[in-house]
Structures are given as structure tokens and as C-alpha cells.
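Notebook open, coffee poured. I'm jotting down what I look up as I go.

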Amino acid sequence: MGGDELKHENFDFRGFDVPELKAVTLAASGPETVESELAAGGKKSSGKNGKSGGKKADKADKAEKKGKSVAKEAKKNRIGLFTPMGLRDVTVRNRIWLPPMCTYSALARDGKPTPFHYQHYVSRAFGGFGMIIAEATAVAPEGRISPCDVGLWEDGQIDAWRWIVDGIRNAGAVPAVQLNHAGRKASTGCFAVGYEGQSVPEEAGGWSTVAPSPIAFGGLNAPRELSVDEIHGIVGAFAAAAGRAVAAGFQAIEIHAAHGYLISEFLDPLCNERTDEYGGDLEGRARFLLEVVDAVRATVPEGMPVLVRISATDWAAGGWDLDQTIVVSKMLKEHGVDLMDVSTGGIMAGVSIPVKANYQVPFAEQVRLKAEIPTTAVGLITKPKQANKIVARGEADAVEIGRAALRDPYWPLRAANKLGVPATEAPYQPQYIRGAY
Ligand SMILES: Cc1cc2nc3c(=O)[nH]c(=O)nc-3n(C[C@H](O)[C@H](O)[C@H](O)COP(=O)(O)O)c2cc1C
């Protein structure tokens, strides 16, 4: 267990955006790791998150063979971190991306990003990231995780984004935005408001929350069940926010269907008990996501990539799992989604996660292989060689560097040096080339 993992355990995740890090270390979790689960066909034979059997093993064999040929292909094509990547009309200069990370810094509570956001995102564009995915951005005020979330729920917010988007583009990176509705995990505290990890009371600026079913997340206030008309309204809000993102100059849209926010609440049978067309079987539970994707796709230009972030498992028995993720990823591909940003967890409170370096990479690999759609991998990818291997082996098409980029906005430039990429081919700003490694 290296230093990063130890730091990880002590990090304050507040249980919202990253899986609940219950300090389940590699040593503590024993030999049953994510990898061994996936090698067994994506499931544990314990039944914790699925089934077992010979058929599965055959499938796993085939997948492994296919995986090896994908890896060979990637090697043959000399794909690495600094190989550009095309998505529809957009070319991303490399495969090191900044994942969405909330900063809860719209301190005026108007959803408008501020000079803090400009500095935060543009410095990482200067640092060489290929795609910069701006943090969870609310499609409706009541869809904010905290009162200080940024938003795109009204036209007045467009200009506040435009200069940031221009700054990112001028620095050579691709600006994307993650659109979100926080569902039952909305109206929670943040550093500027207090009440961290709790529901913010109405007198402190909180509001009541909504969800597919009236089931609370952990100790948060219970949500109210959405009506079908309200669901249609939220689908429209995603589309309208996507239109505003286009107007602000964003070049890609990511739909947040992970981490226990509204869309993933619909997907997961453990928090969706609806008996209408938005619940029940997988088709019903995926309906809301597919409607959001269709509405967003119909709003944005044909050449604009649409990404979906998904939790590939909720790490809970009887809940959302890799098999369902793969089925839904295939549907999403049919509906015009260009890439799956594969994360895990955050949906159910109080679950254990075998956290360690690369712990989510096998999920990205399986989705890539079985749904035949490009993926990104994320989660404790901190070192240049580690990241390069993931891409070169064809385990994912790109990697995302989250917390490591919070401490080092120039991570890609350092990686270029470590991997022997000449400074002239590394993503330096011309003004900074004399400072190259
Ligand atoms: C401060 C912070 C804020 C985050 N906010 C979001 C978010 O807005 N949307 C999201 O999908 N994930 C969010 N995440 C999760 C990250 O995108 C990423 O998946 C996670 O940190 C694991 O990657 P890492 O180990 O490289 O940090 C957040 C993580 C952190 C640390």
C-alpha cells in the first residue's frame, strides 16, 4: 500500500462525489479484489454482486482474448497518453483528462462561475490536460448538490461560463461540462455554507429534494417522489442546459448518471421502487437516462460528443452492477453517446469498496470491450507510467486524473517528461516552453 492509498483513506470525501471510502484497503480486503471479480466474469461467486458459472467463465475467456487483441492493437498503433483522440468533430490533444470535480465555489449562490473557476480550469488547461470536464453543473436550482454549485439553468449564467470556456480552448484543451441533477443528494452542505455531509436546513438556504422514490440517502432528508410530468420537466431542463452549454462554447457534454445523483437513482433498483414506466425492469429504470440522452443529443450539434458518466456498480448486494452497466452502455451507444466515463459507487450509503490504485480500471475495460464503446478510466491513477499503461494496453481510451491534478495542475507536462516525450511535442504553452523540463 503506497502513500497515495493511505492519503486516500484520510481524505474528506463527504460521501457525495467519490465512492464512500470506508478505508477498505487492499490489505484489508484480502485477495478478492475488483480484478479477481472481473476475471470471474464480472461477478463474485459469493453472489454479492451477481452470479457465477461456466458460461460466465467462457465469456470471460473470450473477453480476455479480445482484450489481448485490443491491447496488441493499441501497442501496434503506438497509442499512449499523448496520442490525440477524435470524438465526432472534436480532436482532443491527448488522453489525460480532468474529471469533473465540484468546487462548491459559486459563493453568491446564483450558479455563476467566478474568477476562482477561471483560474482553476484555465491553469489545468495550461498544464496540458486534453479534455477539461467542468464540475457537476446543475440543470435546475433544486438539482444543486449544495447551494454553491455552478449551474446552467438560466440564460444569465451563459456569459459567466463563456470566458472560462474561451480560456480553456485558447490553451489548447477541449472544454466539456458535466450536467447534473442531484436528486435525493441535493441541498447538502459545503465549506462555504457549513452542514457538510448533511442536509442544509431551509433557514440556511436549503430546499426539499426529489427522487424516483421517497427513500433517503444515509442521514440526509428524505426526498419526495417525482411525478411523471416533473420527470418530463427535468428531461427538458437537461436539454435546455445543454443548449446553454453550446452557447457558452463548450465542445462536449457529459451527462452525470453516476454517484447516486438523480439519473443513477433511477437506474438502481435499490432506490427506484416505481411501478410506472420509469421503474421496474432495466428498460424502465433506464428510460429517464435514455430520454435525457435523446433530448441532449437532439439539442447539441451533430458533431459534438456526448459522454455519460456512470457508476459501474453500487457495491451493494442486489443493486446496480457491471452487467446492467454493459447493457445500458450498449443502449446509450445506439442513442448516440460517444464515450462512457466509468466510475463506481456513491449510490448507496454504508457500502465497502476495495479501494486501491486502478481499482475502477477493470470496469472501464469491461465496458469498452463488451459494449464496444470508448471509455475513460478514473480513480487513483496518479503516476505517468501507470496511466500510460492503461491507455497503451487498451484498458481505456483515456484516463482521468482527479485529486492528483488538484495538487499538481501541470501533471501532464510532468508526465510528458517522465515518459520521454520531447518538450516540443508536449502540451506546453508557447510562453512557457523555455521552462520545459
Ligand atoms: C473534490 C472532488 C469533487 C468531485 N466532484 C465530482 C463531480 O462534480 N462530478 C463527478 O462525477 N465526480 C466528482 N468527483 C469524483 C472525481 O471526478 C473522480 O472520479 C474521483 O476523485 C476519483 O479519481 P481520483 O482518484 O483521480 O481523484 C469529485 C472528486 C473530488 C475529490
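I started with Ala176: leaving out residues up to four places away in sequence, it touches Met131, Ile132, Ile133, Ala134, Phe250, Gln251, Ala252, Ile253, Glu254 and Leu307. Contact here is C-beta atoms, placed from the backbone, within 7 Å.

Housekeeping: this is a predicted model, with local features needing pLDDT of at least 70, side-chain atom pairs counting only at pLDDT 80 or more, and totals for chains, interfaces and linings using all residues. Residues are numbered from 1 along each chain as its sequence is written.

Next I pulled up the largest nonpolar core (buried Ala, Val, Leu, Ile, Met, Phe, Trp, Tyr and Cys joined through C-beta atoms within 7 Å; buried is 20 or more other C-beta atoms within 10 Å, exposed 12 or fewer, partly exposed in between). It has 121 residues, and Ile132, Ala176, Phe238, Ile253 and Ile255 touch the most other members. Helix α7 gives the largest share, 10 residues.

Then I checked how α7 (residues 228–248) sits against α6 (residues 158–170): the axes, lines fitted to C-alpha atoms over the stretch in contact, come within 8 Å and cross at roughly 45°. Helices are DSSP H or I runs of at least four residues, numbered from the N terminus. I log the pair as oblique, therefore, since that covers angles outside under 35, over 145 and 65 to 115 degrees. On the α6 side, Ile158, Trp161, Arg162 and Val165 meet Arg244, Ala247 and Ala248 of α7.

Last, I looked at Gln119 in α5 (residues 115–126). I noted it as partly exposed because it has 13 C-beta neighbours inside 10 Å.

Methods
Axes fitted to C-alpha atoms, helices over the stretch in contact; angles between N-to-C directions. Helix = DSSP H or I, 4+ residues; strand = E, 2+ residues; numbered from the N terminus. Contact = placed C-beta atoms within 7 Å.
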